[in-house]
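Q: Please take a close look at one spot in this model and tell me what surrounds it. From there, please follow the packing and the side-chain pairs outward, with the numbers that support each step.

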Amino acid sequence: MAVEQRIRKSAEERREEILEIAVRHFAIGGMHGTSTDAIAREAGISQPYLFRLFRTKRELFLACVDRADRRVFETFRRAAAAAPEGEALKAMGTAYVDQLLPDRHAILMQMQGYVATSDAEIQSHVRANFERLVAEVTALSGADEGEVWNFFAHGMLLNVTQSLDLASIADKSEWAASWCNGPPAPPLPDEA
């Protein structure tokens, strides 16, 4: 008689599985609208076990924020390292559009982190992550403060258009289509 062998996952492997599930839930429901019971059920664990790995719902939420932020840091580092001299900021922007924006849950998770900042502990954590990201982009790119500010302003606008899922209505809305395609080209100077 064959005995089915169960492979037991480490706590770290289980944490990563739970974070993947929790990011999807928090991305849609936010900090206050997400049920930890639903996350535990989908992960196939009990809620008490979930709280052994993450002591509180806030701790789980912040771990999800950190996971989403870590992806941004890693993507920017890879893009900057591969960029030609003086092109790091542009390469990071392209990588954001090509590699991160398509992951709707990751973008919504970023946005939910900002939304939850009415909680002082979450605000402090999210603020510190954002400060580190700005410093990292500045260091990787060598860009000046104005260029970095514009980079983040443009990125936030991309997050909003992705959150609104304008691509899904672009075939029915000229306005949505124009915003999906990016800004219009600046006018050419007169050549007279």
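**A threonine and its surroundings**

A: Happy to start there. Leaving aside neighbours within four places in sequence, T36 is in contact with Q47, L50, F51 and K57. Please keep in mind throughout that this is a predicted model. T36 belongs to helix α2, which covers residues 36-43. Its relative accessibility is 9%, so T36 counts as buried, the limit being under 20%. With Q47, T36 also has a side-chain polar contact of 2.4 Å.

L50 is a good link to the next stop, since it turns up again around L60. Setting aside neighbours within four places in sequence, L60 is in contact with I18, L19, A22, F26, I39, L50 and F54. Several of these names return in the largest nonpolar core, which has 27 residues. The residues with the most contacts inside that core are I18, F26, F54, L60, F61, C64 and M109. Each of α1, α2, α3 (47-53), α4, α6 and α7 supplies at least two residues of the core. The biggest share comes from α1, with eight residues. As general background, nonpolar side chains in soluble globular proteins tend to be buried together.

There is a second core as well, separate from the one above, with 20 residues, including A79, A80, A95 and F152.

Now to the rings. How many aromatic pairs does the structure hold? There are seven aromatic pairs. One of them brings together F26 and F61, edge-to-face, with 5.1 Å from centre to centre and 90° between the planes. F26 sits in helix α1 (residues 11-33) and F61 in helix α4, so this pair ties together parts that are 35 residues apart in sequence. F26 and F61 are both buried. The rings of F151 and F152 are also edge-to-face, because their planes stand at 85°, with the centres 5.5 Å apart. F151 has a relative accessible area of 15%, so it is buried, and F152 counts as buried at 16%. F151 and F152 belong to one aromatic cluster that they form with F76, Y96, Y114 and F130. F152 is therefore a member of both the second nonpolar core and this cluster.

Cysteines deserve a quick check too. C64, which is among the residues with the most contacts in the largest core, has a relative accessibility of 0% and counts as buried. C180, in contrast, is partly exposed at 38%. A disulfide is a covalent bond between the sulfur atoms of two cysteines. The count of disulfides here is zero.

The charged side chains come last. Salt bridges number 11. One of them joins R58 and D119, at 2.7 Å from N to O. R58 lies in helix α4 (residues 57-82) and D119 in the loop between α6 (104-115) and α7 (120-141), so the two parts they tie together are 61 residues apart in sequence. R58 has a relative accessible area of 29%, so it is partly exposed. D119, at 16%, counts as buried.

R58 has another partner: its side chain also meets that of E121 in a salt bridge of 3.0 Å, N to O. Here the link runs from R58 in helix α4 to E121 in helix α7, distant parts of the chain 63 residues apart. E121 is partly exposed, at 46% relative accessibility. R58, D119 and E121 are thus linked in a network of salt bridges.

Helices α4 and α7 are joined elsewhere too. R77 and E136 form a salt bridge of 2.6 Å, N to O. R77 is in helix α4 and E136 in helix α7, so parts 59 residues apart in sequence are tied together by this pair. R77 counts as partly exposed, at 39% relative accessibility.

To bring it back to the start: T36 is buried and touches L50, L50 is in contact with L60, and L60 is among the residues with the most contacts in the largest core.

Conventions
Residues are numbered from 1 along each chain as its sequence is written. This is a predicted model: local features need pLDDT of at least 70, side-chain atom pairs count only at pLDDT 80 or more; totals for chains, interfaces and linings use all residues. Side-chain values use heavy atoms; hydrogens and water are left out. A salt bridge is a side-chain nitrogen of Lys or Arg within 4 Å of a carboxyl oxygen of Asp or Glu. Helices (H or I, at least four residues) and strands (E, at least two) are DSSP runs, numbered from the N terminus. Buried means under 20% relative accessible area, exposed over 50%, partly exposed in between (1.4 Å probe, protein chains only). A polar contact is a pair of N or O atoms within 3.5 Å; within protein, one must be able to donate a hydrogen and the other to accept it, and residues adjacent in sequence count only if both atoms are side-chain atoms. Contact means heavy atoms within 4.5 Å. A disulfide is a pair of cysteine sulfur atoms within 2.5 Å. Rings of Phe, Tyr and Trp (its six-membered ring) pair if their centres lie within 6.5 Å; planes under 30 degrees apart count as stacked, over 60 as edge-to-face and the rest as tilted. A nonpolar core is a set of buried Ala, Val, Leu, Ile, Met, Phe, Trp, Tyr and Cys residues joined through side-chain atoms within 4.5 Å.
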